[in-house]
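Dear colleague,

I am handing over a structure that I would like you to look through when you have time. My notes on what was found in it follow directly after the files.

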Amino acid sequence: MFMVFCSAAGRRIICAARSALWKCAACLASVGIAYCEYLRGALGDMVLGLRLVVLARATIVGLVGIQLTGCLQGAPRNGVPADFASMAQVSGYQDIRIWGDTLTNIPPERLIQLRQQRLKAAKLDPTINPREINALTLSGGGSSGAFGAGILAGWTETGTRPRFDIVTGISTGALIAPFAFLGSAYDPQLTEAFTTVSDKDIFKRISIRGIISTAAFTSNEPLRKMLDKYITDEVIAEVAKEYGKGRRLLIGTTNLDADRPVIWNMGAIAASGRPDSNKLFKEVILASTSIPGVFPPIQFDVTANGKTYEEMHVDGGVTTEVFLMPAGLSLRAVDRKLGMRTTSRLYVIRNGRTTPEFSVTKATLPAIAGKAIGSLIDTQAVGDLYRLYVIAKRDGIDYNVIDIPESFKVESKSPFDNEFMRSLYKTGYQMGRDGVQWKKAPPGYLLE
């Protein structure tokens, strides 16, 4: 959190205020509480809760006394130089990721390989149709991921849930994505993961010393252990198998150094055959869920220009809430290059609301800043839905989106309130079982 707020300008202000310690402490505490209010109100229902806000207040005030003389400088990093950022590769791997905002065309040989994989797989697997693509994209939203889990499980009950050829996930969507990708057989694991957990299964509080060393208010070690439980070697092996059939599981993170989204090809990682592939697979998911300031960022060792560096990755929702493919890739253009016509459908599960939520804002710095930043994030999410809609229209893709209904009124009392998650899962499950009433356009767009 300190690194988020202490930019060059922020550090100059803090350094100039050394003679006014208590005044500066109160100011930083207000900023910290504003950030906590933002997390509580903006990132789906990933609320920090009153006790954590109080902890944050005490922590910030304590850190001011410890850190002011050093102007809040973090530990030195061996970051990738800007000129080498686009050539950096995770050490030992090739072609497992791409910039999410790149306009560079996908090499033709990769498209040909993908087509050959799908044609070959279709001969042995009747669920694969080379002339049809069903894509699912799952947004962030913290504990509200229970909604998406419920939608998928309920959809299974109707017998109409497709086997998705492409599945993408951001943040909590990254936790859902591997199970959605592998199909309905993994609904029990998905249901358990989003209905039986609570705060203690996701994070734990840490000491002031820990906050200083990790640049985060909590430790995500419990979440790491949860990934070890659910993302097993068997799961990763199944992802690798499906990758060989031309299906794609993609997870989004944010390269904080480059300020750009990164799309990871999880199937390519799983099928790499490297001894550390399973670890990298789970580290990518962990990075996608690492909310800045709340969870520690994930560092990846990368190689560029013959030297080894570190990349810092955080929650994919920092740069985009939902995605389908790199910006420069057009499914219609792919069809033309491959000489075939494909029927494509896109299903977007927004683990949050897309409508404004009214609340009387207190006339305090934390409340005003928190509400404003929260509204900014919500607006970004809606903008991303519009971006996908434009892409769908351009490429002739059938667009479908669903979000948490306004009728859901249960409030979360902690970051991962089990009662809240079970209630939201039940709502999603019912909507899925009754037949999802997909919206054909993003919020506020009037179809002719």
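A salt bridge is taken here as a side-chain nitrogen of Lys or Arg within 4 Å of a carboxyl oxygen of Asp or Glu. By that criterion the side chains of Asp228 and Lys282 form a salt bridge, with an N to O distance of 3.0 Å. Because Asp228 belongs to helix 11 (residues 221–230) and Lys282 to helix 14 (residues 277–288), this pair ties together parts that are 54 residues apart in sequence. The two partners are covered to unlike degrees: Asp228 is partly exposed at 45% relative accessibility, whereas Lys282, with a relative accessible area of 16%, is buried.

Please keep in mind that this is a predicted model. The mean pLDDT of the chain is 84, and 83% of the residues reach 70 or more. Two stretches call for caution. Over residues 1–31 the pLDDT stays under 50, and the model has 38 contacts beyond four places in sequence for them; over residues 40–59 the pLDDT likewise stays under 50, and there the model has 52 such contacts.

To return to the charged side chains, a search of the whole structure gives 22 salt bridges. One of them joins Glu311 and Arg97, whose side chains meet at 2.7 Å, N to O. Since Glu311 lies in strand 10 and Arg97 in strand 2 (residues 97–99), this pair ties together parts that are 214 residues apart in sequence. Glu311 is buried, with a relative accessible area of 3%, and Arg97 also counts as buried, at 16% relative accessibility.

A further salt bridge is formed by Lys200 with Asp201, where the closest N and O atoms are 3.5 Å apart. In this pair Lys200 counts as exposed, at 62% relative accessibility, while Asp201, at 23%, counts as partly exposed. There is also a network of salt bridges, which links Asp125, Arg163, Glu242, Lys245 and Arg247.

Strand 10, which carries Glu311, spans residues 307–315 and runs antiparallel to strand 7 (residues 248–255), to which 3 bridges join it. Within that pairing, Thr254 of strand 7 stands opposite Val314 in strand 10. Strand 10 also pairs with strand 9 (residues 298–304), again in the antiparallel sense, over 7 bridges. Here Phe300 stands opposite Glu311, so that the residue whose side chain meets Arg97 in a salt bridge also has a place in the strand pairing. Strand 9 and strand 10 form a hairpin with 2 residues between them, and in the turn Asn305 has a positive phi of about 55°.

The last element to mention is helix 7 (residues 172–182), which is mostly covered, in that 11 of its 11 residues are buried. Among the buried residues are Leu175, Ile176, Phe179, Phe181 and Leu182, together with Thr172, Gly173 and Pro178. The residue that follows helix 7 is Gly183, which has a positive phi, near 100°.

If you go through the model yourself, I would suggest viewing the Glu311 and Arg97 pair alongside the hairpin of strand 9 and strand 10, and reading residues 1–31 and residues 40–59 with their pLDDT under 50 in mind.

With best regards

Definitions and conventions. Residues numbered from 1 in each chain as written. Predicted model: local features only at pLDDT ≥ 70, side-chain atom pairs only at ≥ 80, totals over all residues. Heavy atoms only, no water. pLDDT = per-residue confidence, 0-100. Contact = heavy atoms within 4.5 Å. Pairing = 2+ DSSP bridges. Helix = DSSP H or I, 4+ residues; strand = E, 2+ residues; numbered from the N terminus. Buried < 20%, exposed > 50% of the residue type's maximum accessible area, 1.4 Å probe, protein only.
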